[in-house]
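I opened the model to look up how its parts pair and pack. My entries follow in the order in which I took them.

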There are 2 protein chains.
Amino acid sequence: MKDFVFHNPTKIVFGKGKISQIGEEVKSTSKRVLLVYGKGSIKRNGVYDQVTKSLKAQNIEFVELSGIKPNPVLSKVNEGINLAKEAHVDGIVAVGGGSVIDTSKTIAAGFYRDGDIWDAFIGKYKAKKSLPIYVVLTISATGSEMNGGAVITNEETKQKFSFWTEKSYPRVSILDPSVQGSLPPIQTANGASDIISHVFELYFDGTKNVQIMDEISEGIVRTVIDCTNALMKDPNDYDARANFVWSATLALNGINGTGRSGGDWSSHAIEHSLSALYDVAHGSGLAVIVPAWMRYVYRVDVEKFARFANTVFGIDETDQEKAAIVGIERLKSWYKSIGLPVSLSDLNIPSKDIDKIVENAAMRTPFGRLKKLQPSDVKEILKLCL
Amino acid sequence: MKDFVFHNPTKIVFGKGKISQIGEEVKSTSKRVLLVYGKGSIKRNGVYDQVTKSLKAQNIEFVELSGIKPNPVLSKVNEGINLAKEAHVDGIVAVGGGSVIDTSKTIAAGFYRDGDIWDAFIGKYKAKKSLPIYVVLTISATGSEMNGGAVITNEETKQKFSFWTEKSYPRVSILDPSVQGSLPPIQTANGASDIISHVFELYFDGTKNVQIMDEISEGIVRTVIDCTNALMKDPNDYDARANFVWSATLALNGINGTGRSGGDWSSHAIEHSLSALYDVAHGSGLAVIVPAWMRYVYRVDVEKFARFANTVFGIDETDQEKAAIVGIERLKSWYKSIGLPVSLSDLNIPSKDIDKIVENAAMRTPFGRLKKLQPSDVKEILKLCL
């Protein structure tokens, strides 16, 4: 087990009907907030009304930044920073999923920065101050509701990059699983793929002797698979949704990364090139990339891939190589079974585009911890996605 | 899954050699601290020197309260409160295990209380303020290094009671697994019994549909059993110790209780009567009580006890009642195998004392969530300990 520091100050308020507490939580630091949300589904499902009613009840003023899209973009962040500065807000309320939260985190850091906040994504600036961030989560996937990270796409440079700071943890995140019952099945499936990929990025980073973390990782994956299957049948199954929602948070709140070497993150790096170039949902992109990455690297740690096959899919095969391959195939079949794409053609990306994707990924290569990947490796992995 | 609030602000610094950082951490709030420790083992194993050197390097003054014993007592707490007030300290550094940490938490709360701090244990006072607490952990068992609870014995009234406040979470806890290599095997075994019992108190509280928490619970128990077995062979096996240490913290840092009904806590309540009356190590008392409690209550939730038998001990038995009984027996055998007592006579408590123990427990009955226990139930459970 590796040395680590774990410190996660986010308060989680979990349960049906808890959104009405947002105003009371915000009140502890803020009187005038930027209210950030997406394309308006929160107006249809009643969440917007719950949030604004709760803010008004505490006399908290708000200015709105709406229209945040999946794969959120830097131009929208800059719009938000300007709006936040003009309105002299003292906090941000993010109502949505990862895109909304990550946009909010970046605005919160950019609020205290005179220069370009993109510098935080390319290692030229480390934010030491941030507006307090409050979250009302409406879709579970990224885990951003309980960590200090954010992923944003710079449309001009076609870079989908991330930053992380201690100051970017939300103060409070309210998780009401019942509001996710109205999501279309593909969004739940995309979430499942994203959650599971977070576990894999950590689990398959090559660190030995982290039994307690491996146990937790496998437990999260088994739970997410079971609950996703239940949600495909009944999206309003509260207990399945609640276990899914909390598992999503636990997958990337830092606990599951303790004692490890920091994670591999190759699949994310490659997928970020896909969704920087195409209109691809992150979870869908990962469902294509993750099994291909596994096929490409499993021999580096065949024991671990065989363990995964056994503990997640119950594959009882003494030949570790065979077990690993069957496990990877089972994962791919499961993605298919819940309606996820498993090839580039499923994503409508032509095979002739592979070089273009490799070129985008090359802005970040080498990456990966289990196996350090160069552009030629990325190309081989993308060929396995055909 | 039940609604919950989770908020754990303790920062964990984990790894070999990290104790030298204690001064730097303390510096953020305190200049003059009460240094609390036990019977002097920290002077023999070098921990005392590491801590005081680090404090001195940051010019942090300290006054010492030593001699904290297992099953820590109120008189010692009061001595500490007086010392802390006289010396005008602005922080506490607890160097030890649960007894030292719980004594420190109580002093930290009592520092701001004019009246008797025992009131916090009998529900007459809720501490809203506390001195900042820093921990250097030297024995893993209670999980107190990352929660807001404390257990203290009032020698006069023979009450071993607990309190919990939001203000009592340590600011920082430093966990260096390597310093636990010098512990005698029985102390590691007692720790294992305590850790596992925390998981059981939560796991067997009757809540349904908490799959993600059940997975984590079972993962902790399997890890603790495996690592304890390894430590019985080699107490200095670093990776086994590190997984054991971190599992102990995770077992009672709140995560594993989320979504549940608050835990059962009957075994702890009964054991607290044992260690209030006799010189019994908490973990040893639990090794006697837990299997007896299980035998007495398993029929209330036979499905869960059968699940435990299957997931922890691999018992593949379709008859749930049989599986449950075999699982309980396997647990008892395992306690025996690591040198723990499994009967009252192993603890040198005569059977004629049962009524006296029941009388002590009756100060708290009824207790228990899976099955609410009256004094007559406690008596039956104690008879199963013969």
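Entry 1, a hairpin. I looked up E7(A) and E8(A), which form a hairpin with 4 residues between them. In the turn, Lys158(A) has a positive phi of about 55 degrees. E7(A) covers residues 149–154, and its antiparallel pairing with E8(A) has 6 bridges. I found Gly149(A) opposite Trp164(A) of E8(A). Two strands pair here if DSSP finds at least two bridges between them. Helices (H or I, at least four residues) and strands (E, at least two) are DSSP runs, numbered from the N terminus.

Entry 2, provenance. The model is predicted: local features need pLDDT of at least 70 and side-chain atom pairs count only at pLDDT 80 or more, while totals for chains, interfaces and linings use all residues. Residues are numbered from 1 along each chain as its sequence is written, and chains are lettered from A and ligands numbered from 1 in the order in which they are written.

Entry 3, the sheet. I traced an open sheet of 7 strands, in the order E4(A)-E3(A)-E5(A)-E6(A)-E9(A)-E2(A)-E1(B), with mixed pairing. Why is one side of E4 of chain A and of E1 of chain B left without a neighbour in the sheet? Both stand at the edges, each with a single partner strand, so one side of each stays free of a neighbour there. On average, neighbouring strands of this sheet are turned by 15 degrees against each other, direction ignored. Within the sheet I checked E5(A) (residues 92–96) and E6(A) (residues 133–137), which run parallel and are joined by 5 bridges. Val93(A) has Tyr134(A) as its bridge partner in E6(A). Helix H5 of chain A (residues 98–110) lies across E3, E5 and E6 of chain A, and runs at about 165 degrees to E5(A). Axes are lines fitted to C-alpha atoms, for helices over the stretch in contact, and angles run from 0 to 180 degrees between N-to-C directions.

Entry 4, strands across the two chains. I noted that E1(A) (residues 4–6) pairs with E2(B) in the antiparallel sense over 3 bridges. Phe6(A) stands opposite Ile12(B) of E2(B).

Entry 5, the interface. How many residues of chain B are in contact with chain A? I read 32 residues of chain B in contact with 32 residues of chain A; contact means that the C-beta atoms of two residues, placed from the backbone, lie within 7 Å. On the chain B side, E1 (4–6), E2 (11–14), H7 (211–233) and H8 (238–251) each supply at least two residues. H7(B) gives the most, with 9 residues. By class, this side of chain B has 15 nonpolar, 10 polar and 7 charged residues. Ala, Val, Leu, Ile, Met, Phe, Trp, Tyr, Cys and Pro count as nonpolar, Asp, Glu, Lys and Arg as charged, and the others, Gly among them, as polar.

Entry 6, symmetry. A turn of 180 degrees and a shift of 0.0 Å along the axis lay chain B on chain A with an RMSD of 0.0 Å. The two copies are thus related as by a two-fold rotation axis. The superposition is by least squares on the C-alpha atoms of residues with pLDDT of at least 70 in both copies. The same surface serves both copies, as 100% of the contact residues of chain B recur in chain A. Which residue of chain B comes closest to the rotation axis? I found Pro9(B), at 2.3 Å (C-alpha).

Entry 7, helix packing. In chain A, the axes of H6 (residues 185–203) and H8 (residues 238–251) come within 9 Å and cross at roughly 35 degrees. The crossing of H6(A) and H8(A) is left-handed (the near helix is turned anticlockwise from the far one by less than a right angle; clockwise would be right-handed). Gly191(A), Ile195(A), His198(A) and Val199(A) of H6(A) make the contact with Ser247(A), Ala248(A) and Ala251(A) of H8(A). I counted by class 4 nonpolar, 3 polar and no charged residues in this contact.

Entry 8, domains. The assignment for chain A gives domain 1 (11–178) and domain 2 (185–383); such bounds come from an automatic or database domain assignment. Their centres, taken over C-alpha atoms, are 26 Å apart. The contact takes 19 residues from domain 1 and 27 residues from domain 2 of chain A.
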